[in-house]
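This report concerns the pockets, ligand surroundings, aromatic pairs and selected residues of the structure shown below.

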Amino acid sequence: MKNINKIAVLTSGGDSPGMNAAIRAVVRSGIYEGYEMVGSMRGYQGLISGEIVPLGSRSVSNIIQRGGTILKSARCKSFYEDEGRKIAYEKMQATGIDALVVIGGDGTFTGARIFGKEYDVPIVGLPGTIDNDLYGTDFTIGFDTAINTVMEAVDKLRDTASSHDRLFIIEVMGRDAGFIALNSGIATGAEMILVPESPTYIEELFYVLEKDWKKNKTSGIIIVAEGDDSGGALEVEQHINERFPDFHTRLSILGHIQRGGSPSASDRLLASRLGHAAIMTLKDGVSGVMVGMTDNEISMTTFEKAIKHHQNINLELLDIARVLAI
Ligand code: F6P
């Protein structure tokens with residue numbers, strides 16, 4: 001077991017609601033266990049540039065309810081180069097940092113896996129991304145808040161869709177995964193949900209629309225995941241307009257509102273439990289793992305597995321969504 005006195009925490013990649021709650025839990029658990037806690041600003045970049053800030057219990061007061069990350073975040077390209085990691089390690093040695101807690105997605109864990117092996121640095125990861133696409137945890141920090149944000153937006157769009165007898169095609173985030181689209185689509189009663197994990201056949205989409213309209217549906221919601229093979233909401237809208245020129249369609253790409261906002265109770269709870277578990281994992285001498293939550297229990301997955309495998313989407317939910325949209 002490596003002797004650990006000082007631990008740095010960082011947030012890297014796309015920010016997600018709940019990252020601050022996780023930082024707070026890591027810092028306070030670390031202090032409680034007798035470690036000196038610091039933060040690396042802008043993810044791995046702070047390790048390279050030396051932008052390291054001391055973190056005491058008061059530094060993380062009044063942030064559990066805030067979206068974003070007080071440590072800022074970035075996708076640090078130079079950390080994926082040997083030279084960049086070498087500088088980061090030298091800076092860690094110079095500032096007495098013995099171990100890292102990294103909060104992010106698979107890009108962040110890729111860097112952690114390489115760095116941990118190269119320099120034998122104890123590193124533990126926490127799943128912080130709205131995409132919920134990480135293997136080894138039922139939910140990622142930020143996913144619940146993101147689908148609630150989408151739900152609130154779609155509910156508003158459904159109001160105007162039904163007022164004007166319009167069909168709204170709404171694009172949501174998720175990178176190559178459809179978790180945000182699928183879960184928010186069911187939560188909003190969407191007529192159709194298009195996800196990357198299930199091929200989209202435009203003729204099938206036309207068939208469903210025709211059937212719905214024959215049943216005197218006058219408004220509707222189609223949720224499209226940004227990574228769907230249809231190419232996105234704009235393409236889907238263009239197809240529909242060509243096929244059904246009489247339909248009144250409107251497009252809405254929700255964008256980065258899905259990344260912000262005060263974290264939900266679920267995300268705060270998840271972030272707090274995982275933040276605490278990250279410190280206990282380092283204390284137990286375990287490294288090179290993502291700490292997640294599986295069946296409401298703390299679980300550990302090696303960075304290799306968390307990166308290589310993909311969280312599987314439950315495609316049966318797509319069929320259920322169709323049944324519920326009749
Ligand atoms: O990974 C989080 C995420 O928001 C994805 O859903 C989205 O594809 C991407 O990041 C957007 O990245 P950026 O903020 O760099 O535009």
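## The second largest pocket

The second largest pocket is lined by 17 residues, and those nearest its centre are Met-192, Ile-193, Leu-194, Glu-204 and Arg-322. Two or more lining residues come from each of β7 (192-194), α7 (202-214) and α11 (316-324), and α11 gives the largest share, four residues. Helices (H or I, at least four residues) and strands (E, at least two) are DSSP runs numbered from the N terminus. The volume of this pocket is about 330 Å³. By class, its lining has 11 nonpolar, two polar and four charged residues. Ala, Val, Leu, Ile, Met, Phe, Trp, Tyr, Cys and Pro count as nonpolar, Asp, Glu, Lys and Arg as charged, and the others, Gly among them, as polar.

The model is predicted: local features need pLDDT of at least 70, side-chain atom pairs count only at pLDDT 80 or more, and totals for chains, interfaces and linings use all residues. Residues are numbered from 1 along each chain as its sequence is written, and side-chain values use heavy atoms, with hydrogens and water left out.

## The largest pocket

The largest pocket holds about 460 Å³ of space. A pocket is an open set of points on a 1 Å grid over the protein atoms alone, where a 1.4 Å probe fits, with protein on both sides within 12 Å along at least five of seven lines; lining residues have an atom within 4 Å of a point. Grid points are joined across faces, edges and corners, and a volume is the space filled by probe spheres set on the points.

The lining of the largest pocket consists of 26 residues, with Gly-13, Gly-14, Arg-75, Asp-131 and Arg-175 nearest the centre. Helix α4 supplies the largest share, three residues. Six of the lining residues are nonpolar, 12 are polar and eight are charged.

## Surroundings of the ligand

The residues around the ligand, each with a heavy atom within 4 Å of it, are Arg-75, Thr-129, Ile-130, Asp-131, Met-173, Gly-174, Arg-175, Glu-226, His-256 and Arg-259. Polar side-chain atoms of three residues lie close to ligand oxygen atoms: Asp-131 at 2.6 Å, His-256 at 2.9 Å and Arg-175 at 3.1 Å. A polar contact is a pair of N or O atoms within 3.5 Å; within protein, one must be able to donate a hydrogen and the other to accept it, and residues adjacent in sequence count only if both atoms are side-chain atoms.

Arg-175 lies in the loop between β6 (167-172) and α6. Although Arg-175 is not a glycine, it has a positive phi of about 55°. Its relative accessible area is 43%, so Arg-175 is partly exposed (buried means under 20%, exposed over 50%, and partly exposed in between, with a 1.4 Å probe and protein chains only).

## Aromatic pairs

The structure holds 10 aromatic pairs. Rings of Phe, Tyr and Trp (its six-membered ring) pair if their centres lie within 6.5 Å; planes under 30 degrees apart count as stacked, over 60 as edge-to-face and the rest as tilted. The pair of Phe-109 and Phe-303 is stacked because the ring centres are 5.4 Å apart and the planes are at 25°. This pair links distant parts of the chain, with Phe-109 in helix α4 (residues 106-119) and Phe-303 in helix α10 (residues 303-308), 194 residues apart. Both Phe-109 and Phe-303 are buried.

One aromatic cluster is formed by Tyr-44, Phe-79, Tyr-80, Tyr-89, Phe-115 and Tyr-119. Helix α4 also contains Ile-114, which is partly exposed at a relative accessible area of 27%. The C-alpha atoms of Ile-114 and Phe-303 are separated by 9.6 Å, with their positions 189 residues apart along the chain.

## Buried polar side chains

Ser-184 belongs to helix α6 (residues 179-187) and is buried, with a relative accessible area of 0%. A polar atom of its side chain lies 2.5 Å from the backbone oxygen of Ile-180 and 3.4 Å from that of Ala-181.

Asn-20, in helix α1 (residues 19-32), is likewise buried, at 0% relative accessibility. Its side chain reaches the backbone oxygen of Arg-66 at 3.3 Å.

## Loop residues

Asp-120 lies in the loop between α4 and β5 (123-127). It has a positive phi of about 55° although it is not a glycine.

Gly-50 is located in the loop between α2 (45-49) and β3 (52-54) and counts as partly exposed at 36% relative accessibility.
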